[in-house]
Amino acid sequence: MNLSLRNKILLLFLGLMILSSVATISSVLLATDASVERQAQDKLDIGKRVFEQLMQNRSQQLFGSAEVLTADFGFKGAVAQGDKGTILSVLENHGARIDADLMMLASLEGELIARTDASAKSFPFVHLLPQAEADGGLMTVVMLDGKAYQLVLLQVTAPRPIAWAAMGFLLDQPLANQLKSLTNLEVSYSGIGRSNVGFVISTMHKEVHANILDDKMQSIGQGNNKDKLNLKRMLFGEDEYLSLYVSLIETSKYKVNAFLSTSLSKARNDFSPLKIQILLVSFISLIASVIGAFLISSNVTRPIKNLVSAAQRISSGDYSVDLPLVKNLKDEVNVLAGSFNVMQKGIAEREEKILHQAYHDTLTSLPNRMLATKEMKKLIRACHDNESCFVLMSIDINRFKQINDTFGYQIGDGLLKAFAHRLVAVNNGENFCARLGADEFLVLIQSEDHLKFRPLVESSVQQLSESYFINDFEVTVSLRVGVAIFPLHGDQTGQLLRRIEIALNDAKQKKREIQFYEEGSDAKHLNRIRLINDLKQAITNNHLVMYYQPKVDLHLRKVTQAEALIRWFHKELGFISPEEFIGLAEQAGLMPALTRWVLKTVVEELREWLKNGVDIAMAVNLSAYDLAHDDLPDYVDELLAEYGVPATHLILEVTESAVIEEPEQAMNVLHRFKKSGIKLAIDDYGTGYSSLGQLKSMPVDELKIDKSFVLKLEQDKDDQVIVRSTIEMGHNIGMTVVAEGVETKAAWDLLEAYGCDKLQGYYISKPQSPSDFLQWYSSYQVDE
Amino acid sequence: MVKLSLIKIILSLTLMPLTVFAIEVQVIDQEGRPVQNAVVSIPEGGIEIVNSVPAIMDQVKRQFKPIVLAVEKGREVVFPNSDNIRHHVYSFSEPKKFQIKLYKDQPKKPITFEQGGIVVLGCNIHDSMIGYIFVSPWPSFQVSPESGRVSFEGNPKKIAIWHPWTTGLEKPEIISFSELKKNDFKIQLSLTPPKQIKKLKSKFNKYYDK
């Protein structure tokens with residue numbers, strides 16, 4: 001059964017109460033019934049004694065009267081002399097005195113001498129005479145002519161017995177009535193003689209007489225029961241009686257019973273007010289206990305219900321309502337309610353924290369990008385409604401990474417906090433400020449006129465650009481700020497965010513402090529995204545090709561190496577410069593795939609060339625990303641092994657900056673390449689910030705002077721000094737030196753004069769496709 | 001053996017004085033015990049001389065004394081009262097009906113019993129008092145003492161016997177000599193002592209005889 005706790009408790013209570021009520025009522029009913037019966041029996045028992053005493057009294061009265069009669073001298077004389085007239089008159093006189101119903105005189109032999117009633121001429125008690133003679137007289141009950149009498153037989157003596165006197169009292173209705181009034185019982189007499197002629201005298205209703213007679217007959221039929229005190233239960237119509245039989249006489253000819261009855265129904269009726277009271281009390285207590293059980297169960301379950309609804313409320317995210325508590329009550333539910341409140345508070349606090357963290361930046365406590373997006377949506381709606389506009393500023397701390405590197409992370413973080421703090425202060429806490437990324441912040445300034453924005457932005461930027469003092473360090477910052485205006489530069493969150501990003505990138509590229517979004521920038525940006533997509537396709541579909549630019553060994557005076565350069569001919573956009581798409585690849589995380597494609601392509605080509613007797617080592621450029629991950633050396637080893645190309649024929653070129661980003665890791669990777677027998681070269685040497693100490697520690701074989709120093713070598717004296725000293729330095733630390741960007745005979749000569757080891761550039765050859773290269777290679781001769 | 005010797009004694013007694021005719025009889029009851037107050041008479045002859053001295057039927061301790069008095073026809077009997085209470089002696093018997101109303105000491109006159117027969121005496125005050133006067137029409141009669149033995153002179157052919165406790169014996173019974181002889185001169189009577197009326201109990205008492 002799917003019952004609520006309250007109903008379960010209620011049901012249990014009710015069940016117990018009904019059970020106990022039923023038990024009480026039934027035990028009371030049984031007890032009263034038993035009591036009624038017992039009382040009835042007691043009443044009958046007492047009544048019987050009274051009845052018997054009364055009967056005896058009556059007999060003795062009769063007996064006394066008979067004695068008086070038989071002792072009367074005149075009567076004796078009359079009897080002795082056979083004076084019938086006198087005898088009869090004496091009998092009548094005596095009979096009348098004691099109100100006897102039967103007076104007779106008979107001879108000793110049983111011949112009738114006289115009787116007061118003239119109904120028969122014989123003496124009806126002849127059969128009793130032997131007994132009476134033996135006992136000196138007789139007191140008994142007899143049945144005569146369908147009536148029952150209490151009878152006394154006494155001898156008349158003068159002084160020897162001369163006659164029998166018989167005197168009788170009729171057992172009649174007045175007697176029954178009298179006995180009833182004395183015993184408080186219903187009194188009945190029943191008699192039955194031969195041929196079932198019987199009589200009933202009863203104080204009860206006439207209708208029951210037949211029953212009494214029937215029952216009596218039934219009793220006769222049951223034989224001579226020695227125990228003549230029979231208790232019987234009889235139903236007379238609606239009334240139930242308990243009756244007690246007293247056998248007065250039982251002979252072979254007749255039988256006379258007295259029959260005392262008391263009404264059980266009546267006795268029960270005496271109890272009925274009590275029963276009604278008990279029923280009423282039970283009913284009331286049942287009702288009371290139902291109410292009580294209801295209250296108790298409600299009392300118990302109400303707090304639980306509260307807990308349930310509280311739990312539901314909490315699960316739906318409402319922590320505002322506390323459960324009501326009863327002070328100082330150690331009740332479990334109360335304690336639970338208390339725990340609920342504590343839990344609810346805890347959840348609320350934690351959720352708030354989580355929400356805050358979800359929407360805020362932990363370092364600066366400024367809203368994050370998510371909240372910024374939300375806020376922008378709100379602002380867009382608001383501005384739509386009141387036709388106002390707002391400006392979005394994306395602020396980037398220029399070269400923040402370098403600041404971090406220079407001063408350490410602590411200062412870096414301090415700067416970010418201070419910057420955030422100032423950002424809020426500058427905006428008077430009114431404008432929405434957020435931190436979008438590491439060193440990128442966003443400000444939303446609402447205004448009705450977008451022309452006012454530029455001075456606003458400029459003043460903000462100026463204030464934000466002032467020096468910061470972090471832990472006693474003065475930190476100067478330059479900012480790059482991308483600005484877009486709603487609705488001028490877009491009316492959707494994503495669009496606006498992209499456009500300030502584009503503006504910011506523009507600012508960075510153009511090295512400007514503030515860059516408002518310019519129409520069309522977005523298209524370029526979208527173009528980049530498309531290119532990234534295409535590049536992915538190009539790598540997998542071999543739409544990229546490798547071009548090779550030869551290096552000439554000045555000592556051997558022949559081409560010994562070639563630099564492999566990647567080329568992308570876009571189907572629609574045509575040639576795309578590596579500077580452009582390598583940057584994209586780096587941003588899009590395509591570098592590993594690109595590098596591997598390049599290496600594989602080059603090594604494959606190299607095998608072909610070596611097979612065809614073209615003994616040339618190939619140089620491949622690695623990016624900073626390639627050095628930052630240490631899985632590339634293994635790949636290269638496997639590749640070389642697979643294609644059977646000696647490691648000496650592969651040269652890997654890295655830029656100084658690629659090493660600088662993560663020097664230890666990069667150095668580790670370089671050493672592993674070196675171990676495999678691969679030659680390493682520093683590319684674009686001279687443009688980075690690497691120290692000579694670092695350079696010295698690198699396992700590098702070759703130094704490639706950046707072409708910016710070589711392109712105008714013959715005209716620029718400074719370049720000549722730099723190149724010359726670099727070559728010398730390279731040689732001094734045991735490296736071969738390669739010059740890039742050799743475009744003229746003059747540069748060649750100068751470099752040759754400086755002792756440069758290898759040359760590369762358009763003067764020798766531009767990068768060429770493999771087939772062109774091989775063709776060119778077969779015919780190329782170094783001029784003497 | 002005892003019985004034999006007794007018979008011998010009786011025989012010697014009866015045979016010894018052959019010249020003097022005498023007869024001795026003993027009255028016994030149904031159980032052989034000697035019977036007192038039996039009137040044994042010889043139903044022969046008539047009364048020629050009446051004793052002029054009145055016979056005495058006394059009343060002592062509410063009993064007639066003697067209980068049985070035998071007198072010849074025509075004799076006077078006085079009823080002195082030896083008790084210190086009054087008695088009311090009466091008779092409803094056919095031979096002599098009389099009553100002496102409440103009296104003390106000696107009544108004024110003796111009662112003369114002119115007619116032979118049995119007169120039952122009662123006291124109207126004391127029902128338990130019953131006395132009998134045997135008015136004998138014959139001259140020879142005796143009332144048996146405790147031993148039940150009576151003897152007569154002569155040679156009677158018959159003997160008359162009466163006792164108040166014999167039922168239906170309103171008149172004396174005549175027994176022939178031969179029959180008497182056959183019975184060893186013993187007269188056996190079946191006696192029924194009168195019931196004590198006071199003994200009567202109510203039938204209803206049975207419920208209380210617990």
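This dialogue reads a helix pair and a sheet in a predicted model.

Colleague: At what angle do the axes of helix H18 and helix H20 of chain A cross, and how is such a pair described?

Modeller: Two packed helices are described by the angle between their axes together with the distance between those axes. In this structure, the axes of H18 (residues 632-643) and H20 (residues 663-675) of chain A come within 9 Å and cross at roughly 20°. Because angles under 35 degrees count as roughly parallel, H18(A) is therefore roughly parallel to H20(A). The crossing in which H18(A) passes H20(A) is right-handed.

Colleague: Which residues in H18(A) and H20(A) meet?

Modeller: From H18(A) come A:Leu632, A:Pro633 and A:Val636, which meet A:Val669, A:Arg672 and A:Phe673 in H20(A). The residues of this contact divide into five nonpolar, no polar and one charged.

Colleague: In what order do the four strands of the open sheet in chain B stand, and how should I read their pairing?

Modeller: Strands of a sheet pair through backbone hydrogen bonds, in either a parallel or an antiparallel manner. Here the order in chain B is S13-S2-S15-S16, and the pairing is antiparallel. Strand S13 (141-143) and strand S16 (173-176) of chain B stand at the edges with a single partner strand each, so one side of each has no neighbour in the sheet. From one strand to the next, the twist averages 25°.

Colleague: How many bridges join strand S2 and strand S15 of chain B?

Modeller: Strand S2 (residues 39-41) and strand S15 (residues 158-162) of chain B pair over three bridges in the antiparallel sense, and B:Val39 has B:Trp162 in S15(B) as its bridge partner.

Key: Residues are numbered from 1 along each chain as its sequence is written. Chains are lettered from A and ligands numbered from 1 in the order in which they are written. This is a predicted model: local features need pLDDT of at least 70, side-chain atom pairs count only at pLDDT 80 or more; totals for chains, interfaces and linings use all residues. Axes are lines fitted to C-alpha atoms, for helices over the stretch in contact, and angles run from 0 to 180 degrees between N-to-C directions. Helices (H or I, at least four residues) and strands (E, at least two) are DSSP runs, numbered from the N terminus. Angles under 35 degrees count as roughly parallel, over 145 as roughly antiparallel, 65 to 115 as roughly perpendicular and the rest as oblique. A crossing is left-handed if the near helix is turned anticlockwise from the far one by less than a right angle, and right-handed if clockwise. Two residues are in contact if their C-beta atoms, placed from the backbone, lie within 7 Å. Ala, Val, Leu, Ile, Met, Phe, Trp, Tyr, Cys and Pro count as nonpolar, Asp, Glu, Lys and Arg as charged, and the others, Gly among them, as polar. Two strands pair if DSSP finds at least two bridges between them.
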